[in-house]
Every structure is written in structure tokens, then in C-alpha cells.
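Biologist: I've got a model open and I don't know how to read it yet. Could you walk me through a few features?

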Amino acid sequence: MSTQIVVAGAIIRGNTVLVAQRARPPELAGRWELPGGKVGHEETEPAALARELVEELGLRAGDVVVDERLGGDVDLSGSMTLRAYRVRLLTGEPRAHDHRALRWVTAEELGDVDWVPADREWLADLTRALS
């Protein structure tokens, strides 16, 4: 059985990172995450993340550039692994399509965000990236 990779994007603008409030599933609704999604068959992780950000945030294909990894792997279950990447927003303004809301937060505000449990693993990495 192969592991499903899920990718998340730390879209950094200046000294802030974009966080997205989940609408579903019920046990995670209202909590915040780095946006992203599942890597499709024969899709690279950066390509999957760029596609997911276009779909979820109403951006265009050329609006984002996926850069290096951020932090380590996070085990979501026995068959799913979550990975984060730093992302540059070249143009466009993200809009909440699949999420309840979006907001830009500073390093100082990261600890006050009601994160989904998996994304908490990257708080130290995000703090360094924003400093």
C-alpha cells in the first residue's frame, strides 16, 4: 500500500504567512491551516501544490512559485503524509473558495491561531521563515 502525499503551502508575503480557515470536515471546521491538498497520480509535489492553490484560492497558474520544503514530514495516518513548502505569491490576491476565511498572520501571531493539529508541527519553522 503506497502513502498518499498531501502538500501544504506557506505563502509568505513580507513578514506574514497566509492561513486558511477550514470549512470541513466537522471535526476540523473553524480551525486554521496552510492551504493545499493531495498529490495526484503522476503529479510532482510542487505541481500539485500549485494546482491546489489555484483551485482553493482563486489564483491563476502563474501567480505562485513553489520553493523549498518547510519543516519535516507530518504523519497524518498510516497511509498519509503531509509536507509543507514555502510559496512565493507573484501576482493575484488569494480569495477563500474552499475555506471559510483567509488571513495574513505575523510570526508573533502564529501561537494565537487555532491550528489544525498537523500544521502545529511547523510553527517553529514558520516563525524562522517570517523572521
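**Pocket and salt bridges**

Modeller: Sure. Keep in mind that this is a predicted model. Let's start with the lining of the largest pocket: its residues divide into 13 nonpolar, three polar and eight charged.

Biologist: Which residues lie nearest the centre of the largest pocket?

Modeller: Look for V6, R22, E33, G36 and G37, among 24 lining residues. The space in there comes to about 480 Å³. As for elements, β1, β4, α1 and β6 each supply at least two residues of the lining.

Biologist: And salt bridges, how do I read those?

Modeller: Look for a side-chain nitrogen of Lys or Arg within 4 Å of a carboxyl oxygen of Asp or Glu. By that rule, the count here is 13. Take E68 and R86: their closest N and O atoms are 3.3 Å apart. E68 sits in strand β5 and R86 in strand β6, so the pair ties together parts that are 18 residues apart in sequence.

Biologist: Is R83, which pairs with D73, buried or exposed?

Modeller: Buried means under 20% relative accessible area, and R83 has 18%, so it counts as buried. Its partner D73 is partly exposed at 43%. The closest N and O atoms of R83 and D73 are 2.8 Å apart.

Biologist: What about a pair inside one helix?

Modeller: Try D125 and R128, which meet in a salt bridge at 2.7 Å, N to O. They are three residues apart in helix α2, so about one helical turn separates them. D125 is buried at 18%, while R128 is exposed at 55%.

Biologist: Which residues are linked in a network of salt bridges?

Modeller: E43, R51, E52 and E55 are linked that way.

How values were computed
Residues are numbered from 1 along each chain as its sequence is written. This is a predicted model: local features need pLDDT of at least 70, side-chain atom pairs count only at pLDDT 80 or more; totals for chains, interfaces and linings use all residues. Side-chain values use heavy atoms; hydrogens and water are left out. On a 1 Å grid over the protein atoms alone, a cavity is a set of points where a 1.4 Å probe fits but cannot get out, and a pocket is an open set with protein on both sides within 12 Å along at least five of seven lines; lining residues have an atom within 4 Å of a point. Grid points are joined across faces, edges and corners, and a volume is the space filled by probe spheres set on the points. Helices (H or I, at least four residues) and strands (E, at least two) are DSSP runs, numbered from the N terminus. Ala, Val, Leu, Ile, Met, Phe, Trp, Tyr, Cys and Pro count as nonpolar, Asp, Glu, Lys and Arg as charged, and the others, Gly among them, as polar. Buried means under 20% relative accessible area, exposed over 50%, partly exposed in between (1.4 Å probe, protein chains only).
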